[in-house]
Amino acid sequence: MSSQSHTARAVDEVVDLVSRLIRFDTSNTGEPETTRGEEECAKWVAQQLEEVGYTTQYVESGQPGRGNVFARLPGPPDADRGALLIHAHLDVVPAEPADWSVHPFSGSIADGYIWGRGAIDMKDMAGMALALARQFKRDGIVPPRELVFAFLADEEAGGKWGSHWLVENRPDLFEGITEAVGEVGGFSLTVDRPDGTQKRLYLVETAEKGIAWMRLRASATAGHGSFLHADNAVTEVAEAVARIGRHTFPLVISDSVAEFLAAVSAETGLDLRPDAPDLETSLFKLGNLARIIGATLRDTANPTMLKAGYKANVIPQKAEAVIDCRVLPGRQAAFEKEIDELLGPNVTREWISKLDSYETTFDGHLVDAMNDAILAHDPDGKTVPYMLSGGTDAKAFAKLGIRCFGFAPLQLPPELDFAALFHGVDERVPVDALLFGTNVFEHFLHNS
């Protein structure tokens, strides 16, 4: 049976599968008592896999209802590469229906898009992986290496009760895996060439900034709001927050970012050299994606929460703030030193959570397979590496020495503000982009 017929049936299924996945409200609030839907969705995924002959493992990661599903498709006995992990999380961030054009958990298909929370983060890739897993099993495909399909909980709250729990408590589930592919990579960025034509670059994620949520605390003398006070916990924290919030960290160009800038420069003629005088200004000529790329040139520390006091006329004894810190690879020690200089003598800090940065090189057989798969369906396309300013479950798998990439291919309309769809209102994925991605991903898995 031809590979084209395999793909055709996967393509026929994928739109329905993504729509059905979106209909599961798997909102992750970060609080166990209000997070819902993961178990029901995971068991439905397991059912779809078992229907075509897989033996699945359903694992609850540390808390009731935090469902994860694993299934393996064996490769040849003499495979010269370890297993490849294809991972997708099933949880999504919450959505307020009143803000949306359609109900966020409708999975509506209209105007050439599949609409709903999770459409691009990341039930699109979950649907592609599920469709192709089913197709490969039905057709008796033996891939060039073992494939491990994983559908996971809790990524949207940092993976404490998902990927990180599984890595720490069930490393057996990852036995034999040497490489992995997941979300936020393989999508197209259309750039303008000097001759007036356009070029589609497909961004493969090879690096992620570290994610660290930091709590600041200050203590002082409590008292009446009408008295004079030399020390005030609210003032101390507020001043530290202002200093951090206005601070600009140094420009640091990692290998992944340098390769991305060089590739874009070559296609567009823009001066995106690391030492270019207007590098950050020039980046914004790339359009909406500049928000993501620009955030990978420096560390960031954004104040997000303040907490103090209980009555208008009482000066509180304590005040707190939370800072969302995103740190470039190799910068953690220098970052903390800068933060400590900004805090002031009366403010302390502690990590609420801390996930390390990650970076790998843009080379090797798996990268060649990604490039070949893109070129097979877009001959004028070009794959380039980039760094994600956020984080994914790859941070957990890297702890096991697994080499991780973001590769969930989508050919996007040039005018679509892709970055704004992540966690945004009216999240949606173009149907044509999803079909393109399924074709590319099938080609990739056949040659991985």
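## Two domains in one chain

Let's start with the overall layout. The protein chain splits into domain 1, made of 10–190 + 358–446, and domain 2, made of 210–239 + 299–353. Please keep in mind that this is a predicted model. Between the C-alpha centres of domain 1 and domain 2 there are 37 Å.

## Where the domains meet

Seven residues from domain 1 and five residues from domain 2 take part in the contact. Together, domain 1 and domain 2 bury about 420 Å² between them, and carbon and sulfur atoms give 68% of that area. On the domain 1 side, three residues are worth finding in the viewer: Met-387, Ser-389 and Lys-395 supply 54% of the area that domain 1 buries against domain 2, more than any other three residues.

Sorted by class, the side of domain 1 that touches domain 2 has two nonpolar, three polar and two charged residues. What does the rule find in the way of salt bridges across the interface of domain 1 and domain 2? The count is zero. For residue pairs in polar contact, with both residues at pLDDT 80 or more, the count across this interface is also zero.

## A cavity and its lining

Now for the empty space. The structure has one cavity of 30 Å³ or more, and the largest cavity holds about 70 Å³ of space.

Which residues line the largest cavity? They are Ile-120, Met-122, Asp-124, Glu-183, Val-184, Gly-185, Phe-187, Ala-408, Leu-410, Phe-418 and Phe-422. By class, this lining comprises eight nonpolar, one polar and two charged residues. Asp-124 and Glu-183 are the charged residues of the lining, and Gly-185 is the polar one.

Notes. Residues are numbered from 1 along each chain as its sequence is written. This is a predicted model: local features need pLDDT of at least 70, side-chain atom pairs count only at pLDDT 80 or more; totals for chains, interfaces and linings use all residues. Side-chain values use heavy atoms; hydrogens and water are left out. Domain bounds come from an automatic or database domain assignment. Contact means heavy atoms within 4.5 Å. Buried area is the accessible area (1.4 Å probe) that two parts lose on being put together, summed over both. A salt bridge is a side-chain nitrogen of Lys or Arg within 4 Å of a carboxyl oxygen of Asp or Glu. A polar contact is a pair of N or O atoms within 3.5 Å; within protein, one must be able to donate a hydrogen and the other to accept it, and residues adjacent in sequence count only if both atoms are side-chain atoms. On a 1 Å grid over the protein atoms alone, a cavity is a set of points where a 1.4 Å probe fits but cannot get out, and a pocket is an open set with protein on both sides within 12 Å along at least five of seven lines; lining residues have an atom within 4 Å of a point. Grid points are joined across faces, edges and corners, and a volume is the space filled by probe spheres set on the points.
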